[in-house]
Amino acid sequence: MKFSDETEARLQRLMASCPPGNKRSALVPMLLFIQDEVGAITPEVIQEVCSRLEVSPLEVEEVVSYYSMLRRKPAGRYHLQICTNISCMLVGGAELFEHACRKLGIGHQGVTEDGLFSLEEVECIGACCWGPALQVNYDYYHNVTPEAFDRLIEQLRRNHSGRSEP
Amino acid sequence: MPELIRLTIDGRDVEVEPGTLVIEAARRVGVKIPSFCYYEGLSLAGACRMCLVEVEKMPKLQTACTLVATPGMVVRTETPQVIEARRAMVEFLLTNHPLDCPVCDKGGECELQDMAFRYGAAESRYVETKYHVPEARWSPVVYYDRPRCILCYRCVRVCAEGMGVGALGVINRGGRSEIAPNYGDHLECDECGACIDICPVGALTSGMYRYHTRPWEMNHVGTVCAFCSNGCKTTLGVYHNEIIRGNNRDRSGRNGEFLCIKGRYAADFPHHPDRLRTPLVRRDGELRAASWAEALALVESRLRDALTRGAPIGIIGSNHTTNEENYYLQKLARQGLKTPHLDHQRTGDVAALMAALAGRQGALATMNDLYEARAILVAGADLAQQHPLLSWQIRANWRHHQARVYVVTEGPVREDRYAARSLRVEPGRELEGVLALGEELRKEAELVIVFGDSIQGEAVARLVAFGDSLGIPVKYVCLVDYANSRGASDMGLLPDLGPGYQPVETPGMTLREMLECGDLAVLWVVGANPLAGRSGRPPAFLLVQDLFLTETARVADVVLPAASAYEKEGTVTSVCGEVQRLRRAVSVEGTKTDLEIFGLLARRLGLDAGPRSWEAVLREIAATVPGYDLPVEALIAGAPLQVRPPAGAAMSRRGAIRSARNTLFTSGTLGRYARMLGQVREAPGALYRG
């Protein structure tokens with residue numbers, strides 16, 4: 001598989017950081033980096049990772065089926081992850097998640113029809129002091145009220161329509 | 001020797017080598033700490049939490065399987081706290097377990113049952129609906145029943161580490177975790193069944209045995225596998241005179257827990273519908289059923305006729321019959337029938353090795369040497385396919401002792417993955433490849449050289465001279481194909497060598513010459529199929545003793561139904577020259593052992609009273625065959641003992657030597673009658689695919 005120069009460079013740096021004879025320790029970050037570009041862990045991605053790390057497809061399968069942040073189907077352009085673990089739940093995380101479902105018209109692990117948003121109910125993302133917490137791709141948003149959520153969605157829509165490329 | 005570590009386990013003092021795990025230290029003093037995931041020889045998992053023990057000055061319970069013994073440690077394995085923890089673990093393991101013990105194959109020999117019996121609570125607090133996944137058929141050999149699985153990872157590890165295959169993994173997480181095969185919905189692997197045998201519960205079951213009977217309904221007979229030359233011990237499960245499974249779960253014998261698909265699942269051939277159960281005599285051009293008396297009388301008259309006319313009699317022996325049968329056959333031929341024409345299908349040049357070693361002691365590697373030698377050289381064989389136990393031993397040696405492995409083969413083999421050096425050579429040029437490694441091999445502390453049929457005749461002498469020139473201790477294994485190929489050679493089923501490779505005065509015809517000879521009066525073929533792949537038949541009166549109507553038997557004049565290795569007592573000699581005991585597991589009506597058939601003919605011909613018993617023949621072998629002067633009582637009791645290179649051994653200068661190049665899924669003619677071998681999708685397989 002061909003990746004962008006940026007991703008390829010990232011993969012090369014990753015491989016170089018692995019101890020000799022232990023290529024397989026690059027497995028999880030490599031899957032994440034590739035998923036960032038491709039959008040999902042497709043069968044072609046698995047083949048590619050196997051040949052780069054000299055592991056079997058089953059070994060990749062073990063990892064992909066274990067980690068919920070590795071996806072088989074592409075998420076939206078903006079992947080919204082709402083924490084409903086104890087700390088966030090106590091301050092309205094569950095309500096925020098329900099609000100997000102209604103607002104976007106999708107459920108857990110759903111993707112909006114325009115492919116712009118996807119939603120996921122997640123376990124603790126380590127932002128307990130500032131719950132309810134929301135993660136959009138790699139960015140964190142804290143103390144997210146339903147109103148703040150709506151503003152964020154509008155903001156993201158505007159950002160997107162202002163861009164030429166998705 | 002490093003200083004021993006002293007610790008106390010359940011009040012008993014124990015001294016162990018540094019690095020010993022507490023679970024192993026406990027076993028030394030007879031304390032069995034329960035465990036599912038811990039398995040000697042495999043990597044540690046620490047997954048099942050059954051081996052929790054209390055250690056003084058440690059705040060929490062510790063897993064004895066990952067805890068290394070340290071000086072002064074005080075371990076208690078059966079305190080109320082430990083028992084409570086184990087009770088909780090058993091309860092946890094049983095949350096989604098179906099408790100279908102009454103119909104489970106493992107019922108009665110299940111480690112989870114044993115644990116539940118020892119520690120389990122009388123009632124379960126779990127009232128939720130159990131998570132169920134339907135059972136899956138991964139191959140004709142392997143079936144997986146997820147709900148029974150306790151995720152101990154033993155199967156995953158034995159496949160990846162022990163077998164070097166890595167066909168199993170664990171997918172998903174938490175309560176949804178399950179073992180997965182390498183091709184999504186099916187397995188492509190060695191189909192050895194190691195995963196099934198090692199499973200502590202009934203999660204992995206075999207297509208051969210599943211739902212046939214309960215374990216305690218069987219008789220268990222420990223014998224030697226009837227297929228390749230590696231001489232694995234297999235314990236046959238016999239139910240109503242039928243072999244319904246093979247395994248080596250007690251880890252006894254040279255092979256420990258190892259068996260390949262042949263040892264575990266090919267043991268059904270004695271019950272094949274095509275099995276011969278009555279003598280056949282050719283009348284009006286057709287083979288027709290006859291009585292033993294009738295068939296033997298006809299053979300007797302033909303042999304008598306040949307003897308009185310002085311017409312040549314040719315005898316082709318077997319790679320599958322016992323040492324006693326082979327020895328008695330060559331004696332009957334040479335001393336009784338006065339014929340020098342004796343041979344068998346030769347698959348490795350053992351004679352040349354014995355001649356080159358010239359009685360030197362300690363130069364033949366044992367199966368254990370392959371596990372312990374510091375360095376091993378494999379030349380001209382795909383061990384994982386052709387000699388899977390050797391491959392297993394070398395792999396274990398590399399894992400446990402970092403053995404240095406050298407490979408000289410025509411194509412990729414499994415050993416390449418951990419070899420210190422792999423050399424690819426043109427077929428037939430293996431010796432040159434070996435000689436080219438001289439500089440590297442000289443640096444090793446010791447070496448075992450394993451060589452196949454491509455190094456034969458004078459090349460073996462050159463190989464041994466090369467070994468001598470290295471200046472280090474070198475041992476050898478000359479590879480041969482079948483269960484008693486080695487014994488057939490050792491017992492002198494050769495045209496120019498008698499028992500113990502002693503030259504005979506008048507060399508006879510080779511196998512090929514016998515088949516092509518126009519003057520033979522009688523050609524007697526015992527447990528061999530020399531006419532497979534050939535057209536026509538020799539003009540001689542053709543007598544065949546075999547299990548099935550093979551290509552050779554089909555054109556015979558008389559066919560005598562013989563008993564297989566699983567239906568007789570005796571000894572066979574493995575590829576490493578280790579003599580092991582066969583034990584009868586079943587009897588097939590209408591057949592006779594080859595030894596009995598020889599005896600009946602000898603008596604009819606007035607040559608000999610026939611062998612009194614197989615033990616009597618073994619005693620004669622021990623007394624007369626050079627290299628076989630072993631303690632007979634120990635052999636009879638079942639101890640594997642290695643033969644010695646005989647003094648005065650000579651090379652065979654007549655006849656061809658060629659390995660049949662069987663894979664894991666083929667085994668000459670016999671392999672065709674083992675149904676499981678043909679059913680798996682990997683069959684027939686190929687050599688040198690890595």
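Q: What makes strand E2 and strand E4 of chain B the edge strands of the open sheet?
A: In this predicted model, five strands of chain B form an open, mixed sheet in the order E2-E1-E5-E3-E4, where strands are DSSP runs of E with at least two residues and helices are runs of H or I with at least four, numbered from the N terminus. Two strands pair if DSSP finds at least two bridges between them, and strand E2 (12-16) and strand E4 (62-63) of chain B each pair on one side only, so they are the edge strands.

Q: How do you know that strand E1 of chain B and E2(B) pair?
A: Strand E1 (residues 5-9) of chain B and E2(B) share five bridges in the antiparallel sense, and because at least two bridges are required, they count as paired. Within this pairing, Leu7(B) has Val14(B) as its bridge partner in E2(B).

Q: Which residue classes make up the side of chain A that touches chain B?
A: The contact, which requires C-beta atoms placed from the backbone to lie within 7 Å, takes seven residues from chain A and eight residues from chain B. Those of chain A divide into two nonpolar (Ala, Val, Leu, Ile, Met, Phe, Trp, Tyr, Cys and Pro), two polar (the others, Gly among them) and three charged (Asp, Glu, Lys and Arg).

Residues are numbered from 1 along each chain as its sequence is written, while chains are lettered from A and ligands numbered from 1 in the order in which they are written. Local features need pLDDT of at least 70 and side-chain atom pairs count only at pLDDT 80 or more, whereas totals for chains, interfaces and linings use all residues.

Definitions and conventions: Two residues are in contact if their C-beta atoms, placed from the backbone, lie within 7 Å.
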